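Biologist: Could you take me on a close tour of one part of this model, residue by residue, and show me how it ties in with the rest of the chain? Please give me the cut-offs as you go.

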Amino acid sequence: MARIIDGSDKNMVGDRVRALRLARGLSQQALSDRLETLAIYICRGSISRIEDKQRTVTDIELYGLSQVLRVPIEAFFEPEEEQGRG
């Protein structure tokens, strides 16, 4: 079966997670802390690895990221130039 993601990237959303986190003025640790309030445990180091596309992201984690970063899940998959439109 073919892989959806070619190469060494382990997720498709890392760049958007980083951009949205920075746009909200959150450190990786602050994002980790806020996820923990939703019972989603991603340590600061794992946030870094997600942003660097070196770690996969589960559906539950993606849901938590969407809640903390206040965006719909679809926003993680939109090209960056489309983010300001609406």
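**Helix 3 and the loop after it**

Modeller: Happily, and let me begin with a small detail on the way there: the side chains of Gln 29 and Asp 33 make a polar contact of 2.8 Å (N or O atoms within 3.5 Å; within protein, one able to donate a hydrogen and the other to accept it, with residues adjacent in sequence counting only if both atoms are side-chain atoms). Please keep in mind that this is a predicted model, in which local features need pLDDT of at least 70 and side-chain atom pairs count only at pLDDT 80 or more, while totals for chains, interfaces and linings use all residues. Residues are numbered from 1 along each chain as its sequence is written, and side-chain values use heavy atoms, leaving out hydrogens and water.

Gln 29 belongs to helix 2 (helices are DSSP runs of H or I with at least four residues, strands are E runs of at least two, and numbering starts from the N terminus). Its relative accessibility is 37%, so Gln 29 counts as partly exposed (buried is under 20% relative accessible area, exposed over 50%, partly exposed in between, with a 1.4 Å probe and protein chains only). Gln 29 and Arg 44 are 15 residues apart in sequence, and their C-alpha atoms lie 5.0 Å apart.

That brings us to the neighbourhood of helix 3. The chain has four helices and zero strands, and buried residues account for 37% of its 86 residues. Within helix 3, the buried residues are Ser 46, Ile 47, Ser 48, Ile 50 and Glu 51. Their cover includes helix 1 and helix 2 (contact means heavy atoms within 4.5 Å).

Helix 1 has its own buried set: Gly 14, Arg 16, Val 17, Leu 20 and Arg 21. Viewed down the axis of helix 1, these buried residues fall within an arc of 160°, so they line one face of the helix (the arc is that of the directions from the helix axis to the C-beta atoms). That set packs against helix 2, helix 3 and helix 4. On the face turned away from the buried side, helix 1 carries exposed Leu 22 and Ala 23.

Now for the charged links between these parts. A salt bridge here is a side-chain nitrogen of Lys or Arg within 4 Å of a carboxyl oxygen of Asp or Glu, and by this rule the count comes to six. One of them joins the side chains of Glu 51 and Arg 18, at 3.5 Å from N to O. Glu 51 in helix 3 and Arg 18 in helix 1 are 33 residues apart, so this pair links distant parts of the chain. Glu 51 is buried because its relative accessible area is 1%, whereas Arg 18, at 26%, counts as partly exposed. Both residues also take part in a network of salt bridges with Arg 21 and Asp 52.

Just beyond, helix 3 is followed by Lys 53, which has a positive phi near 65°. Lys 53 forms a salt bridge with Asp 9, with the closest N and O atoms 4.0 Å apart. This pair is 44 residues apart and links the loop between helix 3 and helix 4 to the segment before helix 1. Another salt bridge runs from Lys 53 to Asp 15, where the closest N and O atoms are 3.1 Å apart. Here the partners are 38 residues apart, with Asp 15 in helix 1. Lys 53 counts as buried at 17% relative accessibility, while Asp 9 is partly exposed at 29% and Asp 15 is partly exposed at 43%.

Finally, look at Arg 55, in the loop between helix 3 (44-51) and helix 4 (59-69). Arg 55 has a relative accessible area of 16%, which means that this residue is buried. Its side chain joins that of Glu 61 in a polar contact of 2.8 Å. Apart from neighbours within four places in sequence, Arg 55 is in contact with Lys 10, Asn 11, Ile 42, Ser 46, Arg 49, Ile 50 and Glu 61.
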